[in-house]
Amino acid sequence: MQISHFLPTKPVPKPLLKNREINARQIAFAAAFLLPAGKLLEVPSILAKHAGGDLLLPAVLHFLIQILVILGVLYAASKSKSPLLERLKSALGKMIYPIYALYALYFFLAAVLPLLDAEKFVYATYFDTAPTLFSFGVFFLFSAFVCTKGIKAVGRCADLCLFLFLIPFLALSFMAITETDFSHLLPFFGTKLSKSLTAFSRTTPHFSDAVLLLPLIANLRYEENDGVKIVSGYGCGALLTLFFLAVFYALFGSLARREHYAFTKIGQYFPALSVVGRIDLLFVYFLSVVLLFYTCLPLQYVTYSICAICKTERKTLTAALLNFALLIFVLFTNRHYNAIYSLISGKLAPVFWLFANLLPLFTLCLPKKTKNGQKLQNEGTMYALNLEKEDNKVKKSSRKGV
Amino acid sequence: MNTLSKSLQDNQATLQKLLPSEDILYYSFKTENGIACLIAYADGVVNKELLGELVARPLSHLNLPINMQNGRTMYEINKKSTSQKDNDGNANKKQSVPKNPLEDTDIAELIKTTLLFPELKTITSFQDGQMEILDGNSLLLVDGVDTGFIVGAKFLPVRAVMEPPTDVTVKGPREGFIEDVKVNMSLLRKRLKTPNLRMETLRVGKQSYTAVTLCWLDGVADEDLKTQIKNKLNEIQIDNVADSSYIAAILSPRKRSVFHTVGTTEKPDLFAAKLSEGRIGILVDGSPIALTLPYILTEDLQSSEDYFVSPFMATVTRLLRCIALLVAILLPAFYVSTQLFKMQLLPLGLTLTIASSIRNLPLSPSLEMFVVLLLLEILKEASIRMPKYVGMSLSVVGALVLGETAVSAGFLSTPAIIIVAFSGICLYTVPNFVETGSILRWLFLLVAGSIGPFGIVLFIAFLLYYLISADAFGTPLLAPFSPLIATDLRDNFVKYNMFSLNKRPVFLNSGNKTRLRTQKTQK
């Protein structure tokens, strides 16, 4: 509030803050602060296990590929002002439903690894004694709730992740950096290339980020510089992850391969902790809020896809059924964690390549306009078009100096 | 019969039928030429002295030009009336005396000019008259005139304007709203002396007919929002509006939410400041709590005093409030979860101290905390409701006897009492958040006792997701953090200096963006 009252002279047109589904900044924040959360648990130890001191190499390679895919999708999105999804619907007609179904299956698969990671992480970090299996089961209540929310909520969640991710990330990094020895990372290219490639292959599901941004970009009404924002956001996320990987390996050296749930471990050697207690865990808990959001993200996409296929708005039922199925899955497969993990990150890696890196590039083949020219059928798009008109009005009137 | 008739007897009979209550009184008197007049009013809410001096007395000296059956001519009546005006020195001497009987409208006009009352309006229907009488105004009826005169001689028993108990400031204005909406409107007008300040009073409540005044700054507040609120207020079908919280509940888009979605304040300076930011205010008759819309969650962390001290101090106190709020809500839950699931979170020395104090305790940590928290809530509730004179005894019994003996008897542990007491104090650093904070504290305790720190984190994540998807009148509750509005962060946890806050908050969608213009910004 401001006490000084500067009262109006001339009314000016209203800003258009409200009610857009998602904007480029939010996608950029999702790329920068939400997606890296998934790479701070098991990825560092997997990379260290296979690539040793060269763990940054496969990560960089992954990021470069993802950036290329994102650039491709953004280029496709930039060709028209109507959202990519609308153009896709228009171009494919009823063929969109099999694609929805395939992606629903894909996202279901993509949700498994973060879910398994999150489950083990919770048991290891939140409990001194062995908890019951149902302790993690509550997560599915939260997940079901999150799944009922739309794309707009994902965007806002990404905004919030700026604070939720950066504050604990910087605090934990600060705690770790005092104890690090970056010479562990030397010499560069000290590990055989084949091992680095194995690390690259084994971490493919974890780094399949472009596909997680795809539904967000598909709902974006592309404007000038949006591409720069999103790619910069992803670049920022990549740098934060690489920094984390470097700190992690510099801290643990050759022991890094055994240090699971990396971000829970890196702050524990901070000297002050012996006096004040494990305050690093507070930051870990803080960061795990972002991890929970990240774990729910593919599940949200599964819900959207199923709702689109069934042409229903009843997300609650879909979300409840989906999460119940996942709860059962987690309960029954708990003992086969390693087998499932190696199956998904090993044999099923090509599936991730196909859905995350190749299929999204087919958006480049989409026509610039929908079949009916610019006339779009979807209500959301009509709303977007109305906003566009208003935008133009505002621009015109501001040019007049109103 | 809906409209007033010319017969006073008929009108009185109808009114008595419509308002049979004993507190509705009728005062009859006559004009100088014997025409009967009647004032109907509700006893106890009218200034009778004023009514007698400014209504009955002038009328009793008036010769009303009404053609009655007693045979008096219009000429004589008008002559007397004109000469009386001459004596008062107000009359236009050149005006010719009408020879014909006056029109009804002219008679009504004559009565209006005779009454020396600033608040005067005419009505023609019984329904309007009835509502005005019930609202505390008086209805004047004159025989032979089918128009009623509403005299605003309302004199309600109101308390003095004083410092509000919920929002005390050390530096800054100390006035607070009271229960009378007119006084509250005047307190607002005193602070915003601009023609752009608009107030519109609506009547809400089928039985209470409560005045609900919508206040906004024209050109600053969002017009769409104003229309939405007005429509929603007009749609309300409720018997009684006892307090502004009723209106808040009705306006709230999420009826079952723990978080409130309408801002409240008892301070006119704060209310005026919020209006000048672009918000819309609602004053409700009978309530000292004013409502403001749109509302964002961090609003409650701000105090009016933040604007009267240096920005650094304001930032520090805001952060302090934020930390205190987190401590208030999370500390009991955190304590329980560390004891049950994750002892590592505490330093070793503290763990040992706690361990020694909880040894031989018959209750589990969560049950113990539950009992202590319950005691706190009961003591709080009792101290609010009980008579003042017993309050001191309650403090002694509650805090000293109960607490001390429970610990020495080994029923409760000292850390639990310290934690709950500290949590209780911390919660009151944000007075508007007490109810919500109290509920959340219980919920966090429940999840912490069940699944430990993971439950706390999960519940935080749940609340955050709930809040990011919660909008009230198009404004996100977590703005400006989510969606992120960088410029609005200047007056949030961190408070910038006044000159940096030269733009109105973006989330308010104000028609006028600039609120402070200096030479520097003009350049």
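Helices α3(A) and α12(A) run roughly antiparallel to each other, because their angle is over 145 degrees, the cut-off for that label (under 35 counts as roughly parallel, 65 to 115 as roughly perpendicular, and the rest as oblique). In this predicted model, helix α3 (residues 56–78) of chain A packs against helix α12 (residues 226–252) of chain A at about 170 degrees, with the axes 10 Å apart. Axes here are lines fitted to C-alpha atoms, for helices over the stretch in contact, and angles run from 0 to 180 degrees between N-to-C directions. Helices are DSSP runs (H or I, at least four residues), strands are runs of E of at least two, and both are numbered from the N terminus.

Which residues of α3(A) and α12(A) meet? On the α3(A) side they include A:L56, A:F63 and A:L74, and on the α12(A) side they include A:G227, A:Y234 and A:L245. By class, this contact has 15 nonpolar, four polar and no charged residues. Nonpolar means Ala, Val, Leu, Ile, Met, Phe, Trp, Tyr, Cys and Pro; charged means Asp, Glu, Lys and Arg; the others, Gly among them, are polar. Two residues are in contact if their C-beta atoms, placed from the backbone, lie within 7 Å.

A second pair in chain A is α2 (residues 43–51) with α9 (residues 193–202), whose axes come within 7 Å and cross at roughly 155 degrees. That makes α2(A) roughly antiparallel to α9(A). The contact is made by residues including A:I46 and A:H50 of α2(A) and A:K195 and A:R202 of α9(A). Four nonpolar, three polar and two charged residues make up this contact.

Here are two loop residues, one from each chain.

| Residue | Loop | C-beta neighbours inside 10 Å | Touches, beyond four places in sequence |
|---|---|---|---|
| A:L40 | between α1 (24–34) and α2 of chain A | 29 | A:F244, A:A262 and A:F263 |
| B:L345 | between α10 (311–340) and α11 (348–358) of chain B | 21 | A:G277, A:R278, A:L281 and B:T338 |

Are these two buried or exposed? Both A:L40 and B:L345 count as buried, a label for residues with 20 or more other C-beta atoms within 10 Å of their own (12 or fewer is exposed, in between is partly exposed; C-beta atoms are placed from the backbone). A:L40 and A:F244 are 204 residues apart in sequence, yet their C-alpha atoms are 7.7 Å apart.

Now for the meeting of the two chains. In total, 52 residues of chain B are in contact with 44 residues of chain A. On the chain B side, α15(B) gives the largest share, 13 residues. That side divides into 31 nonpolar, 15 polar and six charged residues.

Chain A as a whole has 19 helices and zero strands. Of its 402 residues, 49% count as buried. Chain A averages a pLDDT of 83, and 86% of the residues score at least 70; pLDDT is the predictor's confidence in each residue, from 0 to 100. It stays under 50 over residues 375–402 of chain A.

Residues are numbered from 1 along each chain as its sequence is written, while chains are lettered from A and ligands numbered from 1 in the order in which they are written. In this predicted model, local features need pLDDT of at least 70, side-chain atom pairs count only at pLDDT 80 or more, and totals for chains, interfaces and linings use all residues.
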